[in-house]
Amino acid sequence: MIVESHLRAKPAGGASLALGLTAAAGAAVLGYAALVERNLFELREERLEILPPGSKPLRMLHLSDIHLVPSQAGKINWLRGLAELEPDLVVNTGDNLSHPKAVEPLLDALAPLMQFPGVFVPGSNDYYAPRIQNPFKYFTGPSKSNGRKGPKELPWAELFRGFGNAGWVDLTNRSQSIAVPGLRLDFSGVDDPHLGRDRFSGFPPGSTTSGIAPHIRIGVAHAPYQRVLDYFADGGARLILAGHTHGGQVCLPGYGALVSNCDLPTWRARGLTQWEHNGTSVPLNVSAGIGTSRFAPVRLACRPEAVLLTLTETS
């Protein structure tokens, strides 16, 4: 009986060792996701042949989901350095804040970029502070506000005012044209679809082939819900820019995003794809974003990014 008891104890020890190794591996992955990868900021570069013949190349910097906390010095310094790219235009697709006191450091971080023309639309985390969420709820559908207390409002008016004072154009449920040498950019933007605030106002009037300079229509939204992408496609957009998904944030290597936090298919959660609707095909760029909620500060197989789009004439 003593020998029998001794033999039974060995598997228990082996199981404990396996559990320990599994826990250690999990802790290592979590540590990497929380301390390393979420700070590995990178620039993704894309090239699109969508401009009218004879147009000069246009360099457009797409920023999204900065989710700034005032103590994030590394992120602030990286954002300031993006001005060295000298873009022709900056497009900000929202969720800039993750803390009530983040507006001043955000505007300071973006000050070098705000010397260039820009447009912006808001996300939910420009209006409201992030809240602790059960991460498994994302597998059942887009996140929602819950609980008896409403979300805490962020100083979004101060943020909008700061962008506006720098000359960046507010596209919240409105359209506006911006002139660049030899080209007119017709923008249409919406308020955050994730909050159900989107109201498509159409694109600025006028034929895309009339006038002194040719036009190109660009749709801008924070969250790439399919209804909004369809609005833009029906309106004649030649390019759509969005964020919100964080690229899935925690992805499986070799597979990709597990969730998109909206009704966009997960394989579209990051990168440049073609949105097909009613016989039209429109390039859709979804940024994986630069930050995360301060309550979920991890990224795995999904590095934070800004996107530099170089638009050239169609061949």
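**Group meeting: a loop, a sheet and a buried asparagine**

Okay, let's start in the loop between β2 and α2, where you'll find aspartate 65. This is a predicted model, by the way. What caught my eye is the backbone: aspartate 65 has a positive phi, about 50 degrees, and it isn't a glycine. Is this residue buried or exposed? Buried, with a relative accessibility of 0%.

Now look at histidine 67, which sits in the loop between β2 and α2 too. Its phi is also positive, near 50 degrees, and again we're not talking about a glycine. Histidine 67 counts as buried, at 2% relative accessible area.

So what's on either side of that loop? Take β2, residues 58-63, to begin with. Five of its six residues are buried, so the strand is largely enclosed by the rest of the structure. Which strands does it pair with? There's β14, residues 305-313, which runs antiparallel to β2 and is joined to it by five bridges. If you want a landmark there, leucine 61 is opposite leucine 308 of β14. Then there's β3, residues 89-92, parallel to β2 and held by four bridges. The landmark on that side is leucine 63, whose bridge partner in β3 is asparagine 92. To get from β2 to β3 the chain goes through helix α2, residues 73-81, and that β-α-β crossover is right-handed.

Let's stay with asparagine 92 for a second, since it also stands opposite phenylalanine 120 in β4. β4 covers residues 118-120, and it pairs with β3 in the parallel sense over three bridges.

Zoom out and you get the whole sheet: six strands, open, mixed pairing, in the order β1-β14-β2-β3-β4-β5. The edges are β1 (42-51) and β5 (169-170); each has a single partner strand, so one side of each has no neighbour in the sheet.

Back to the other end of our loop, helix α2. Which of its residues are buried? Lys75, Ile76, Trp78 and Leu79. Looking down the helix axis, the buried residues fall within an arc of 165 degrees, so they line one face of α2. That fits the usual geometry: an α-helix has 3.6 residues a turn, so residues three or four places apart point the same way. And what covers those buried residues? Among other things, β1, β14 and α3 (103-110).

One more residue I'd like you to click on: asparagine 285, in strand β13, residues 280-286. It's buried, at 0% relative accessible area. What does its side chain do in there? It makes a polar contact with the side chain of arginine 44, at 3.0 Å. If you skip neighbours within four places in sequence, the contacts of asparagine 285 include His62, Ile240, Gly271, Val307 and Leu309, along with Arg44 itself.

Last thing, confidence, before anyone sets up a calculation. The protein averages a pLDDT of 90, and 85% of the residues score at least 70. Among the elements, strand β9 (residues 239-242) has the highest mean, 99, and helix α1 (residues 2-36) has the lowest, 61. Over residues 1-11 the pLDDT is below 50, and that stretch has zero contacts in the model beyond near neighbours in sequence. Where pLDDT is low, the predicted coordinates shouldn't be read in detail.

That's it from me; over to you.

Methods:
Residues are numbered from 1 along each chain as its sequence is written. This is a predicted model: local features need pLDDT of at least 70, side-chain atom pairs count only at pLDDT 80 or more; totals for chains, interfaces and linings use all residues. Side-chain values use heavy atoms; hydrogens and water are left out. Buried means under 20% relative accessible area, exposed over 50%, partly exposed in between (1.4 Å probe, protein chains only). Helices (H or I, at least four residues) and strands (E, at least two) are DSSP runs, numbered from the N terminus. Two strands pair if DSSP finds at least two bridges between them. A crossover is right-handed if, with the strands pointing away from the viewer, the path from the first strand over the helix to the second runs clockwise. pLDDT is the predictor's confidence in each residue, from 0 to 100. Contact means heavy atoms within 4.5 Å. A polar contact is a pair of N or O atoms within 3.5 Å; within protein, one must be able to donate a hydrogen and the other to accept it, and residues adjacent in sequence count only if both atoms are side-chain atoms. The arc is that of the directions from the helix axis to the C-beta atoms.
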